[in-house]
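User: Could you walk me through this structure, one question at a time?

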Amino acid sequence: MIWHIAARELYDNLNSLRFALATFLLLALMLTNASVHLREHPARIQKYNDAVTFHRNHLNTAGNESLYKLAQQGIGDIFKKPSSLRFCAEGGEPFLPDSVQGGHHRWGSNWGEYSLESFWILAYPSSTPNVINVRPDVTKVDWGFIIGYVLSLIALLFTFDAISGEREQGTLRLMLANSISRHTLLTGKFLGALISVSIPLTISVLMNLFLISTSSDVHLNTEVWSRLGIICIIAFLYICLFLALGLLVSALVQRSAVSLVILLLVWVIFVVFMPNTLASIAGEYTSPKSNVGFEEHSWQLHYELRSEYRPRYIAGESLLKKLQVAGEYVIQDAEQQERLHEERLNRRISQVKRARTITRLSPVTIFQHLLESFAGTGFERHLQFLENVKEYAQQFRIFIVDTDRGAPESLHIFGMREGMSQQPVAPEAIPKFQDTLSLSKDFNTAATDLLLLVLFFLLVLSGTYLAFVRVEI
Amino acid sequence: MLITLIHRELLDNLMTFRFAATVFIMLLLVVTNTAVLIKDYERRLAAHNDAVKMHQRQLDEKKTYSAGRVYADRPPNPLSIFSLGLDKRLGNQIEVSHKYVPSLWDAYIHESDNPFMDMFASMDIVFIFEVILSLLALIFAYDALAGEYERGTLRLVLTHPVQRGHILLSKYISAMFCLLVPLLISILLSIILMTISASISLSPGDFLRIGGLILTSVMYLSIFYLIGLLISATNRRMRTALMLSMFVWGFLVLVYPNVILAVFPHVENQEVRRTSAFNQIEQMWEEFDRKRKHFLATDDFPGEDWGLELRGWGSRHAFFSDNPRTLLYTYESVMQFDGFGEEDEHKMPYAQNHFRFLGSHVTATADRTWLTRKPVLEDIFIQQANMERALLKLSPVGIYDAVAQAWAGTDLNGIRDFFETTRQYRRTVINYFTDKDVFGSRQWFSADKGAADWRSLPKFSFQRSSVEVNVKRALPEVCLLLLINLFMFLLIFLIFHRREV
């Protein structure tokens, strides 16, 4: 019986105007999405590969010169590997820097007996793509937009009159006069609407993936396909949530027009306004203290440290003592500066984290967070990248210490050319950076969001059952 | 008769659930968003004031003229609460110096912000109108004719001696009145909230601008109402009209503005142009360098060191720097001496002579390169953006957005006014420097005979453009909105007039 009702519902929809419009709209959006990705992705990959080659060469040149040079220049600029699933979720990538600077020469100074060179630090550049960008500001058409915004609206348009419409026409009464239970009717309605929405979605998603996978510029491997599978399941879950919401309001309200108005308002609030308004509220009320003059502050600390070490250096009785003081100063300075940069980064990150937590009240944000997690883009992915870089920096530092320890002629005074090994380092010995991304790790970060989405869905669904079972026809 | 009809329609619209619900939701959104936007504005204003103070302090600390960096800071626009536009995005601090002509592309954003927070879009009040009021307009319109037709009341009304035009007009006037209510209330609410905040002071001109904004909003809503009426007049069934209205709304408000720019890609085909312009600019600076060297070789002082072998106590450095992407090329020489030994004293007249020459020569070269640089930057950055804006204007949302920004002064023109002012200020600073012979003074490079006097330097101040300028900028699109309105009304009138009831 359920399938009978679902089939009737489906036939009803297939012939309707909304089905045709929805199919057309989704197809157009998905094709645009695919073509934009195919146009932009090769350039991104190219840029990344160039950066990696450059980085490798940079390390090898420094290593060829001496261990000291390598230790002083540091790990160099490390770039984030672009995700091949960026068409699924753009995740604010333009506002996230695509690299971490490891090894920026800040100062050099001659202290008489020895000349000092600043050591490398990890610095986090900020991405401000808009400073010279006068182009109009638009949302990127990714799956997150197509499914999260457009398809959720379509889902509401498919269900707003499912029950209230039949009630208006009187057919609901007729149907319930037969021996059909209300549960069956509701399930049938739900399945019918789900299948009707799934058809345009499936067609357009398949077209999109077909276009992307047949192109020679973009390569999708098995792991990527399994990620895509998970993304599709999440998309269906998200659509189910909105279908259930449509049915809920439709069951509660007597007239279809009223039902639609309520649904549209709910949609506008939850989907259009909540994500950004809540983020702004969270951001405004927890904004970190003003950072005007960060550079100034950083140099001030640098000078303070120098005025502390300079007298000790001059007072040093032997050359070895002077070398030790100078080395200590260089290392201290690098550590101090790196701490400063990291503190600023952590302040910024915690602000964004708070904002992101609060926006989880809106289902579309949950959906977009999930998409980002599985597509390997967005903020969480950026944090993962930063984590990887820090791990690599640690590994690199240990490598320098170990190699220096193994060099017999070295004085083991870090920070100074004269105190460290002058032997060249073999290119293959230098540790390589690996930007690891694992599906299981992404699952862990996404678990909360996934649970929340399921919870939302179950809540709305049970609400719908209760409302429909108790409603007067 | 018309009055009776309007009265009936008005009651019909005002006493509905949809009206009450929409107005309630909208006021809620307007109040929360205004509060957030005001907070954001206050924060930006505080950051601006901090930056101004910091720049002044840093300037005062510099003892020589060549080491001082004069900055111009762009204050946030209080009307950005209504329409954010580019106010928060483009650079808001720029160095004003004789060594280059400042432009939009040389500016920076001060560091106070958390750049990660840009991931979240900001909602201004115009955006709320754009989304919710247009929806309300369509909800009013979809059943205006189709509904009456379905219920048969249209037939009934037309049995009376009523002109069809009157029916249309009454529906239009009453719906517009109903839309005006939430619009005016929300604007009033946000103005009240703005006046409560201590840091925002609205001038009479601002109220005129807000008036223009209201006028434009009414026109925008009228377009959406007419779109709904058109759908309603051409469809006999309410359900179809409703479906079609919602899809049209989704397309115009949600899909079109975001998709159209992806369909027409942003092509950077100006690479050749950029490279050739950059080479040209580079050549000008090379010529400058030749002249500089020639001057050093032919002056009475032996040796060709740019700093005339000044030893002294302090630092000096000079360098060329360039940025091919924004076609920036500069020559900078910075000297901070606290004193000189006896052996340097005889070099002073030569040094002063040389720096006087450098000052005027760098200025002249910078002015000359600007003539090459300006049109190319215009072509590369502005033209493309303007084309994209024109594409967006195919949807009423795009036109409305553009006009709202023009009224608020947060559009590209408004921001460029600031950079125009910085260019004028640069002129003033250079004139001041030439009048007081700062380039040729000892304070240019040394503080031993008195430090640089930054106090008497003319101060930078930026005033937003006058209301007339805003009107001039908004007028073309306002006329366009008006024309669309008239055309659609005529179309609906014709369709409705010839329709069988």
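User: Happy to start with a helix: how many residues does helix 12 of chain B have, and what span is expected for it?

Analyst: This is a predicted model, in which local features need pLDDT of at least 70 and side-chain atom pairs count only at pLDDT 80 or more, while totals for chains, interfaces and linings use all residues. Residues are numbered from 1 along each chain as its sequence is written, with chains lettered from A and ligands numbered from 1 in the order in which they are written. Helices (H or I, at least four residues) and strands (E, at least two) are DSSP runs numbered from the N terminus, and expected span is 1.5 Å times one less than the number of residues. Helix 12 (residues 412-435) of chain B reaches 35 Å from its first C-alpha to its last; the helix has 24 residues, and the expected span is 34 Å.

User: Nice. What do the buried residues of helix 12 of chain B pack against?

Analyst: Buried means that 20 or more other C-beta atoms, placed from the backbone, lie within 10 Å of a residue's own (exposed: 12 or fewer; partly exposed: in between). In helix 12 of chain B the buried residues include Phe418(B), Phe419(B), Thr422(B) and Tyr425(B). Taking contact as C-beta atoms within 7 Å, their partners are strand 1, strand 2 and helix 10 (348-392) of chain B.

User: Which residue stands opposite Tyr71(B) in strand 2 of chain B?

Analyst: In strand 1 (residues 70-73) of chain B, Val70(B) and Ala72(B) point one way, Tyr71(B) and Asp73(B) the other, and all are buried. Strands pair if DSSP finds at least two bridges between them; here four bridges join strand 1 to the antiparallel strand 2 (residues 93-96) of chain B. Opposite Tyr71(B) stands Glu95(B).

User: Which helix of chain B gives the most to the side that touches chain A?

Analyst: The contact takes 67 residues from chain B and 55 residues from chain A. Helix 2 (17-61), helix 3 (125-141), helix 8 (238-263) and helix 10 of chain B each supply at least two residues of chain B's side. With 17 residues, the one giving the most is helix 2.

User: And what is the radius of gyration of chain B?

Analyst: Chain B has 13 helices and four strands. The globule rule (2.2 Å times the number of residues to the power 0.38, with the radius taken over C-alpha atoms) gives 23 Å for 501 residues, and chain B is well over that, so it is more spread out than a compact globule, with a radius of gyration of 31 Å.

Key:
Two residues are in contact if their C-beta atoms, placed from the backbone, lie within 7 Å.
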